[in-house]
Amino acid sequence: MPPLTLVIGNKNYSSWFPRPWLLLRQARILFQEVRIPLCLPESAVALAAWSPSAKVPALHDGDVRVRDSLAVCESLNERFPDKQLWSRDAAVRAVSAERHAGFAAAWVADAATEPERIERFEHDE
Ligand SMILES: N[C@@H](CCC(=O)N[C@@H](CS)C(=O)NCC(=O)O)C(=O)O
């Protein structure tokens with residue numbers, strides 16, 4: 001099997017890429033981690049080299065390239081069926097997809113109501 005590479009950003013910035021990162025770690029699946037520091041002048045160029053969407057997480061699995069945390073998790077579930085990484089219950093998977101689709105809006109709402117916390121968060125590390 002070709003080695004897996006998971007491209008991530010700063011570990012204290014986001015909840016997006018920790019999702020597949022945690023899934024891989026919890027399932028004890030070996031992978032190479034490529035960390036791209038975000039919010040720097042050079043970030044966009046570094047991101048573009050790994051992820052056409054210029055977003056992380058991005059999974060490189062041989063010739064297969066997957067962007068988006070949910071897509072990466074679903075891809076890993078299919079790649080490692082013996083690990084049972086995802087629920088077999090379609091209703092449970094639907095809730096997960098709905099939550100994923102709405103999370104950006106919820107995060108923006110948090111940023112509007114808690115600007116100081118968000119400001120502090122972005123300057124950590
Ligand atoms: N819906 C995407 C969101 C990914 C996303 O927004 N990633 C951010 C990290 S917080 C990113 O890569 N931002 C690029 C940048 O800040 O330049 C997912 O689930 O993976």
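In which sense do β1 and strand β2 pair, and over how many bridges? In this predicted model, the two strands run parallel to each other, and four bridges hold the pairing together on paper as DSSP reads it. β2 covers residues 32-35, and within it R35 is the bridge partner of I8.

The chain as a whole offers a helpful frame for this pairing. It contains five helices and four strands, and these follow one another along the sequence in the pattern β-α-β-α-β-β-α-α-α. Of the 125 residues in the chain, 18% are buried. Contacts that reach far along the sequence are well represented: among those between residues at least 6 apart, 58% join residues at least 24 apart.

Besides its parallel partner, β1 has an antiparallel one. Four bridges join β1 to β3, and L4 stands opposite D61 of β3 in this arrangement. β3 in turn runs antiparallel to strand β4 (residues 64-67), again with four bridges. Here H60 faces R65 in β4. The two strands β3 and β4 make a hairpin with two residues between them, and G62 in the turn shows a positive phi of about 65°.

β1 is also mostly covered, with four of its five residues buried. The largest nonpolar core comprises 17 residues, and L6, V7, V56, L59 and L76 have the most contacts inside it. Two or more residues of this core come from each of β1 (4-8), α1 (18-26), β3 (58-61) and α3 (69-79). β1 gives the largest share, four residues. V7 illustrates how the core is connected: leaving aside residues up to four places away in sequence, V7 touches V34, I36, W50, S51, V56, P57 and A58.

V56 reappears around the ligand. The shell there has 13 residues, of which S14, W16, K55, V56 and S69 come nearest. At least two residues of the shell are supplied by α2 (43-50), and at least two by α3. Sorted by class, the shell has seven nonpolar, four polar and two charged residues.

A contrast to the buried residues of β1 is found at S53, which lies in the loop between α2 and β3. Why does S53 count as exposed? S53 is exposed because 12 other C-beta atoms lie within 10 Å, and a residue with 12 or fewer falls in that class. S53 and R67 are 14 residues apart in sequence, and their C-alpha atoms are 7.3 Å apart in space.

How far these details can be trusted varies along the chain. The mean pLDDT is 85, and 80% of the residues reach 70 or more. Confidence is highest in β1, at 97, and lowest in helix α5 (residues 115-122), where the mean is 50. Over residues 120-125 pLDDT stays under 50, and the model has four contacts beyond four places in sequence for this stretch. Where pLDDT is low, predicted coordinates are best not read in detail.

Conventions
Residues numbered from 1 in each chain as written. Predicted model: local features only at pLDDT ≥ 70, side-chain atom pairs only at ≥ 80, totals over all residues. Core = buried A, V, L, I, M, F, W, Y, C linked by C-beta atoms within 7 Å. Buried ≥ 20, exposed ≤ 12 C-beta atoms within 10 Å, placed from the backbone. Contact = placed C-beta atoms within 7 Å. Near = placed C-beta within 6 Å. Nonpolar A, V, L, I, M, F, W, Y, C, P; charged D, E, K, R; others polar. Pairing = 2+ DSSP bridges. pLDDT = per-residue confidence, 0-100.
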